[in-house]
Amino acid sequence: MGITQCFYAVEPEDVISDTDFRDNHGDKYAFCDFASFSKEGALHDWMERLWKKKVPDASHRNLYNEYIALRKEDVDALAKDFREQRLVLESHDEWSNKLFQDFLEEAREYAQEGCIIYYEAR
């Protein structure tokens, strides 16, 4: 699996739907690319299940080059699945797990500020 997985924090006024957002509004920088991972199949599978739940007509497509929004409850569910080892990273080592924990904390902070987190695989 040769994918790059990116996470963006998007301000609420730039949210179009669970699968799209505007790149900016006015002169303000509207989104922040705050995390990326490479070749984490279990993470991508988790996101693809979320995408198929949120996008009814997505069952015949895959998530590559698409966006899916993670609301606060989705970030919490992702953190819970990681904590309870239902989501295990392929690079399952102490350093990778710490980076993922840091990512989850940052995602929670953005979500608490009202931002929507978007995931993209490319």
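The following exchange asks how labels given to parts of this predicted model follow from its computed values.

User: What makes Ser96 count as buried?

Analyst: Ser96 has a relative accessible area of 9%. Buried means under 20%, so Ser96 is buried. Ser96 is found in helix α3. Leaving aside neighbours within four places in sequence, Ser96 is in contact with Leu89 and Ser91.

User: Why are Lys39 and Asn65 given their accessibility labels?

Analyst: The relative accessible area of Lys39 is 46%. The partly exposed class lies between under 20% and over 50%, so Lys39 is partly exposed. For Asn65 the value is 58%, and exposed means over 50%, so Asn65 is exposed. Lys39 lies in the loop between β6 and α1, and Asn65 in the loop between α1 and β7. Lys39 has a positive phi of about 60 degrees although it is not a glycine. Asn65, not a glycine either, has a positive phi of about 60 degrees.

User: What follows α2, and what is the sign of its phi?

Analyst: Gln85 follows α2, and its phi is positive, near 60 degrees.

User: Why is Gly114 called partly exposed?

Analyst: Gly114 has 31% relative accessibility, which is neither under 20% nor over 50%, so Gly114 counts as partly exposed. Gly114 is placed in the loop between α3 and β8. Its C-alpha atom is separated by 30 Å from that of Glu94, 20 residues apart along the chain.

User: How do you know that the span of α1 is close to the expected one?

Analyst: Helix α1, residues 41-54, has 14 residues. The expected span is 1.5 Å times one less than the number of residues, which for α1 comes to 20 Å. From first C-alpha to last, α1 reaches 20 Å. For α2, with 12 residues, the reach is 16 Å and the expected value is 16 Å.

User: What makes the buried residues of α2 one face of the helix?

Analyst: In α2, the buried residues are Asp74, Val75, Leu78, Ala79, Asp81 and Phe82. Seen down the axis of α2, these residues fall within an arc of 165 degrees, so they line one face. Glu73 and Arg83, on the other side of α2, are exposed. An α-helix has 3.6 residues a turn, so residues three or four places apart point the same way.

User: Which elements do the buried residues of α1 and α2 pack against?

Analyst: The buried residues of α2 pack against α1, β7, α3 and β8. Those of α1 include His44, Trp46, Met47 and Leu50, and the buried residues of α1 pack against β1, β6, β7, α2, α3 and β8.

User: How do you know that β8 pairs with β1 and with β7?

Analyst: Two strands pair if at least two bridges are found between them. Six bridges join β1 to β8, and the two run antiparallel; Ala9 stands opposite Ile117. Between β7 and β8 there are four bridges, again antiparallel, with Ala69 opposite Tyr118. Both pairs therefore meet the requirement.

User: What makes β8 a mostly covered strand?

Analyst: Six of the six residues of β8 are buried. Ile116, Tyr118 and Glu120 point one way from the strand, and Ile117, Tyr119 and Ala121 point the other way. In a regular strand the side chains alternate between the two faces of the sheet.

User: Which residues touch the most other members of the largest nonpolar core?

Analyst: The core has 31 residues, and Phe7, Leu70, Leu78, Phe100 and Phe103 touch the most other members. At least two residues of this core come from each of β1, β6, α1, β7, α2, α3 and β8. Leaving aside neighbours within four places in sequence, Leu70 is in contact with residues including Trp46, Met47, Val75, Leu78 and Ile117. A second, separate core of eight residues includes Tyr8, Val10, Ala69 and Tyr118.

User: How many disulfides are found in the whole structure, and why are Cys6 and Cys115 called buried?

Analyst: A search of the whole structure finds zero disulfides. A disulfide requires a pair of cysteine sulfur atoms within 2.5 Å, so no pair meets that cut-off. Cys6 has a relative accessible area of 2% and Cys115 has 11%. Buried means under 20%, so Cys6 and Cys115 are buried.

Methods. Residues are numbered from 1 along each chain as its sequence is written. This is a predicted model: local features need pLDDT of at least 70, side-chain atom pairs count only at pLDDT 80 or more; totals for chains, interfaces and linings use all residues. Side-chain values use heavy atoms; hydrogens and water are left out. Buried means under 20% relative accessible area, exposed over 50%, partly exposed in between (1.4 Å probe, protein chains only). Contact means heavy atoms within 4.5 Å. The arc is that of the directions from the helix axis to the C-beta atoms. A nonpolar core is a set of buried Ala, Val, Leu, Ile, Met, Phe, Trp, Tyr and Cys residues joined through side-chain atoms within 4.5 Å.
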